[in-house]
Amino acid sequence: MRFIFDFYQFNIDYSDLLDDNTAIVKEMKTHYTKAWETLGYENKPDESMLNQMGYLLLETEKVDFVGKFFKLNVAYYSKSFNVYYALGDFYLASKHKDKAIESFEKA
């Protein structure tokens, strides 16, 4: 069965996250959109996986890149308080206090 669904698995390496020229967020969006179209039902990355990647990057001080993961998570899981809380942490780290407060209030 694995060879039938070989398109389904999205592989990501830690080095993909550290590369300054990475397009991993765009690749992830494209991958899950194609899987959605192929399978015929909504398919998206796990909320906690996106949060973990974002917080991992926050520790490496790749603040601008972190926002891409947290914003993607908000787009996919807009009804989850946790994604807004994480987005608020991103805004705090990037010195956008007003946006951070707004995100924390949504959470």
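# Exercises on an all-helix chain

From the N terminus on, the elements of the chain run α-α-α-α-α-α. The model is predicted.

## Exercise 1: Overall make-up

Task: State how many helices and strands the chain has, and what share of its residues count as buried.

Solution.
- Step 1. Count the elements: there are 6 helices and 0 strands.
- Step 2. Turn to burial. The chain has 107 residues, and 38% of them count as buried.
- Step 3. Add the contact pattern. Take contacts between residues at least 6 apart in sequence; 45% of these join residues at least 24 apart.

## Exercise 2: The nonpolar core

Task: Name the residues that touch the most other members of the largest nonpolar core, and find which helix gives the most to this core.

Solution.
- Step 1. The largest nonpolar core has 23 residues; M28, L50, F69 and F90 touch the most other members.
- Step 2. List the suppliers. Helix 2 (24–39), helix 3 (47–59), helix 4 (63–76) and helix 5 each supply at least two residues.
- Step 3. Helix 4 gives the most, with 8 residues.
- Step 4. Follow one member, L50. Leaving aside neighbours within four places in sequence, L50 is in contact with M28, P45, F69, F70, L72, N73 and Y76.
- Step 5. Set this against the general trend: in soluble globular proteins, nonpolar side chains tend to be buried together.

## Exercise 3: Helix 2 against helix 4

Task: Decide how helix 2 and helix 4 are oriented to each other, and class the residues of their contact.

Solution.
- Step 1. Read the geometry. The two helices, 2 and 4, pack at an angle of about 25°, and their axes are 10 Å apart.
- Step 2. Apply the cut-off: angles under 35 degrees count as roughly parallel. Helix 2 and helix 4 are therefore roughly parallel.
- Step 3. Pick out the partners. Helix 2 brings I24, V25, M28, K29 and Y32; helix 4 brings F65, K68, F69, L72 and Y76.
- Step 4. Sort this contact by class: 8 nonpolar, no polar and 2 charged residues.

## Exercise 4: Helix 5 against helix 6

Task: Work out the orientation of helix 5 and helix 6, then the hand of their crossing.

Solution.
- Step 1. The axes of helix 5 (residues 81–93) and helix 6 (residues 97–106) come within 8 Å and cross at roughly 165°.
- Step 2. Helix 5 is therefore roughly antiparallel to helix 6.
- Step 3. The crossing of helix 5 past helix 6 is left-handed.
- Step 4. On the helix 5 side, Y84, Y85, L87, G88, D89, Y91 and L92 take part; they meet K99, A100, S103, F104 and K106 in helix 6.
- Step 5. These residues divide into 7 nonpolar, 2 polar and 3 charged.
- Step 6. Zoom in on S103, a residue of helix 6. S103 is buried, at 5% relative accessible area. Leaving aside neighbours within four places in sequence, S103 is in contact with Y84, L87, G88 and Y91.

## Exercise 5: Two single residues

Task: Describe the backbone and surroundings of K95, then place M49.

Solution.
- Step 1. K95 lies in the loop between helix 5 and helix 6.
- Step 2. K95 is not a glycine, yet has a positive phi of about 65°. Most residues other than glycine have a negative phi.
- Step 3. K95 is exposed, with a relative accessible area of 73%.
- Step 4. Move to M49, in helix 3. M49 counts as partly exposed, at 26% relative accessibility.
- Step 5. Leaving aside neighbours within four places in sequence, M49 is in contact with M28 and Y32.
- Step 6. M49 and N73 are 24 residues apart along the chain; their C-alpha atoms are separated by 9.4 Å.

Key. Residues numbered from 1 in each chain as written. Predicted model: local features only at pLDDT ≥ 70, side-chain atom pairs only at ≥ 80, totals over all residues. Heavy atoms only, no water. Axes fitted to C-alpha atoms, helices over the stretch in contact; angles between N-to-C directions. Parallel < 35°, antiparallel > 145°, perpendicular 65-115°, else oblique. Left-handed = near helix turned anticlockwise from the far one by under 90°. Contact = heavy atoms within 4.5 Å. Nonpolar A, V, L, I, M, F, W, Y, C, P; charged D, E, K, R; others polar. Core = buried A, V, L, I, M, F, W, Y, C linked by side-chain atoms within 4.5 Å. Buried < 20%, exposed > 50% of the residue type's maximum accessible area, 1.4 Å probe, protein only.
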